[in-house]
Structures are given as structure tokens and as C-alpha cells.
Amino acid sequence: MKKWSLLFLFVVFTLSFIGGCSSENIEKVDVFEMESFSVIKKDSLTSYTDSKVVSDFVKAFKKAKKEPGIVDMMDPRYKVEFGEESYYLWISKEQGTIMNLDDTHTIYTLSQSSAKKIYELLN
């Protein structure tokens, strides 16, 4: 009986530790309008701190689908930063594409519902 109690405590502790490490506590999303890959439009920063909006951004970006191959993209419309992550964003009402600044040879597509949410937040 004591073994089961110890095993149970070990499992609970391990799961809570893993859960705590993998969930980031992101409180703000910064969005910049871009002129080109390297030039941010002057005075274009918009910061989102509403927890629902932040959650929508984070979920949309984390669930984006990786696309195969190396890409060559036109200049991005936005740069999005949250936590320690930075992404370029191309967005319309029907679709969204992101590129992590740490890997500019790979793009990810947002789901149609995520693209619509993000588009509406930005416009």
C-alpha cells in the first residue's frame, strides 16, 4: 500500500512539473507593422495584454502547420513577438502564414479559423 502511495505521489509530482515547464506564462503580444523584412514602420507597435487575445495569438501560432520545402516570401505585413518568440506574419481573412525569425527558410500555415480570428484582431 505504501508503494502505491509513493508511486502516486511521484506521478502527480512529475506531471505537475512537466506541465509547469511546458506552459509559458505569456502576458503580452507585441505586433509591429512592417515595411520590409528588416524595416518596421515607425510608431506601428500595438501591444495586446487582454488574456483572451493573447491566448488566441499563442494558440494560433503554436498550432500552425509546418509546410514542406524552403521558401522565398514577399515582405511580411507584420512582426509578432510574444515570450521569447518572434514571427513574421502574412494574414488575410481566409488564410495566415507565419515564419519564425529563428528559421526563415520554413513557413507555417494557420488554420482557417485562427487566420480569421487574428485578421479580425488586427483590422
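1. In this predicted model, lysine 41 has a relative accessible area of 36%, and because partly exposed covers values between 20% and 50%, lysine 41 is placed in that class. Its salt-bridge partner is glutamate 33, with the two side chains meeting at 3.5 Å, N to O. Glutamate 33 is likewise described as partly exposed, at 32% relative accessibility.

2. Side chains of opposite charge can pair when their charged atoms come close. A search of the whole structure returns five salt bridges, including the one between glutamate 33 and lysine 41, and two others are taken up in the points that follow.

3. Glutamate 81 and lysine 79 form a salt bridge through their side chains, at 3.3 Å, N to O. As for the surroundings of this pair, glutamate 81 is partly exposed at 22% relative accessibility, whereas lysine 79 is buried, with a relative accessible area of 15%. Elsewhere, salt bridges with shared partners link Lys52, Asp56 and Lys117 into one network.

4. Within that network, the side chains of lysine 52 and aspartate 56 meet in a salt bridge of 3.0 Å, N to O. Both residues belong to helix 2, which spans residues 51–62, and because they are four residues apart there, about one helical turn separates them. Aspartate 56 has a relative accessible area of 14%, and is therefore classed as buried, the limit for that class being under 20%.

Note on methods. Residues numbered from 1 in each chain as written. Predicted model: local features only at pLDDT ≥ 70, side-chain atom pairs only at ≥ 80, totals over all residues. Heavy atoms only, no water. Salt bridge = Lys/Arg side-chain N within 4 Å of Asp/Glu carboxyl O. Buried < 20%, exposed > 50% of the residue type's maximum accessible area, 1.4 Å probe, protein only. Helix = DSSP H or I, 4+ residues; strand = E, 2+ residues; numbered from the N terminus.
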